[in-house]
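This report goes through one model, taking up its charged pairs, its cysteines, its sheet and its nonpolar cores in turn. The sequence and the structure are shown here for reference.

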Amino acid sequence: MKHVVSISLGSSARDHHSQVELDGELVDIERIGCDGDVDKFKQKLAQIDGKVDAIGLGGTTCNLYGKGGRKYPLKCTQRLLKHVGITPVVDGGGIKQTLEHDVVAHLNDMGVPVRGRKVLMVCGLERLGMSEALEEAGGNVVYGDLMFGLGINIKIKKLSTVHRAMAVLAPIIVRLPLKILYPTGNGQNQRDTKFGKAFAWADIIAGDYLYIRKHLPNDLSGKIIITNTVTAADTQELKERGARAIITCTPEFDGRSYGTNVVEAIVVALSGNAHLSESEIREWIDRAGLKPRIDWLNPEAA
């Protein structure tokens, strides 16, 4: 049996445990939230290092991604990695560049056309593969990197502009505390609807679910949500608010769509290789049968 564990800075209320058979191998999956407690997060990493097959980092990311494969390592996360020296650790970046890109590129085949649709991408640099695929598919995309990442109410209308802004702001952003950049702990349960107009404008809302959830408006009538890391309760909430459909790029296990960090940890555990290329990640995704899911929550809504 393979054992993968996601240690998250997020809420422990979102913890889950599953066992699934993938590529003929039983995989034990755990998600452990630390409620924003960085010391607890470090302790959990140290406790499981060398005792599991792969570790996923949840509630944070190692890098933001720029043009041409450039990476902007976040200092706050890099310091956390010092507490692991044996077990491979991944943050989901490989899945964001492969599975997420490929799912969005085939949305038309899933009955969700993108061309000409208004798309709110909550943070483009955090999910560059998804962002690139949305533009390639002809979506009218607005990027909320400054809005959702820094609280600055400025929409960006081209991914190239996001890249230029990041090139200028990177030296500052990569040094910011994580709690400024991303909802952690109890911050994941707080709501802020100041960007309601951006949600109302969009036909499709895409990106990290914790950014979406933190700013979720009451009315999502007819909206398509493209994301990951959703629980059964999240799906029910989206349905009650009128969302037409939710698409998760990662599969559902026992009512839970785990984050990209978990899926990448599964791929690493199954392959026994912590340094897979994008083509190798795609190969293992196919071997393990990791498929996206689409739930038509209110299919009559247009």
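Arg293 counts as buried, with a relative accessibility of 10%, in a model that is predicted. Its side chain forms a salt bridge with Asp295, the closest N and O atoms being 2.6 Å apart, and Asp295 counts as partly exposed at 24% relative accessibility. Apart from this pair, Lys96, Glu100, Glu126, Arg127 and Asp208 are joined into one network by salt bridges that share partners. The count of salt bridges comes to 15, and three of the pairs are set out below with the distance between N and O atoms and the relative accessibility of each partner.

| Pair | N to O distance | Accessibility of the Arg | Accessibility of the acid |
|---|---|---|---|
| Arg293 and Asp295 | 2.6 Å | Arg293, 10% | Asp295, 24% |
| Arg31 and Asp15 | 2.8 Å | Arg31, 9% | Asp15, 32% |
| Arg282 and Glu278 | 3.9 Å | Arg282, 28% | Glu278, 41% |

What does the pair of Arg31 and Asp15 tie together? Arg31 lies in strand S3 whereas Asp15 lies in the loop between S1 and S2, so the salt bridge links parts that are 16 residues apart in sequence. Arg31 counts as buried, while Asp15 counts as partly exposed. The pair of Glu278 and Arg282 is set within helix H13 (residues 278-288), where the two residues, being four apart, are separated by about one helical turn; Glu278 is partly exposed, and Arg282 likewise counts as partly exposed.

The cysteines can be treated briefly, since the structure holds zero disulfides. The sulfur of Cys62 has its closest cysteine sulfur in Cys76, at 9.7 Å, which is too far for a bond, and Cys62 counts as buried at 10% relative accessibility. Cys123 is in no disulfide either, the nearest cysteine sulfur, again that of Cys76, being 13 Å away; Cys123 counts as buried at 8% relative accessibility.

Arg31 also leads to the sheet, for this residue stands opposite Ser6. Strand S1 (residues 2-8) and strand S3 (residues 25-33) run parallel and are joined by seven bridges. They belong to an open sheet of five strands, in the order S2-S3-S1-S4-S7, whose pairing is mixed; strand S2 (16-22) and strand S7 (89-90) are its edges, each pairing on one side only. Helix H1 (residues 38-48) packs on this sheet, touching S1, S3 and strand S4 (54-58), and its direction makes about 165° with that of S1. Helix H12 lies across S1, S2, S3, S4 and S7, running at about 170° to S4.

Which residues touch the most other members of the largest nonpolar core? Among the 74 residues of that core, they are Leu22, Ile29, Leu134, Ile226 and Ile266. Helix H12 (residues 260-271) provides the largest share of the core, eight residues. Once neighbours within four places in sequence are left aside, Ile266 is in contact with Val4, Leu22, Val27, Ile29 and Phe253. Another core, of 22 residues, lies apart from the largest one and includes Phe148, Ile205, Tyr209 and Ile212. In soluble globular proteins, nonpolar side chains tend to be buried together.

In helix H5 (residues 128-136), the buried residues are Leu128, Gly129, Met130, Ser131, Ala133 and Leu134. After H5 comes Gly138, whose phi is positive, near 90°.

Conventions. Residues are numbered from 1 along each chain as its sequence is written. This is a predicted model: local features need pLDDT of at least 70, side-chain atom pairs count only at pLDDT 80 or more; totals for chains, interfaces and linings use all residues. Side-chain values use heavy atoms; hydrogens and water are left out. A nonpolar core is a set of buried Ala, Val, Leu, Ile, Met, Phe, Trp, Tyr and Cys residues joined through side-chain atoms within 4.5 Å. Buried means under 20% relative accessible area, exposed over 50%, partly exposed in between (1.4 Å probe, protein chains only). Contact means heavy atoms within 4.5 Å. Two strands pair if DSSP finds at least two bridges between them. Axes are lines fitted to C-alpha atoms, for helices over the stretch in contact, and angles run from 0 to 180 degrees between N-to-C directions. A disulfide is a pair of cysteine sulfur atoms within 2.5 Å. A salt bridge is a side-chain nitrogen of Lys or Arg within 4 Å of a carboxyl oxygen of Asp or Glu.
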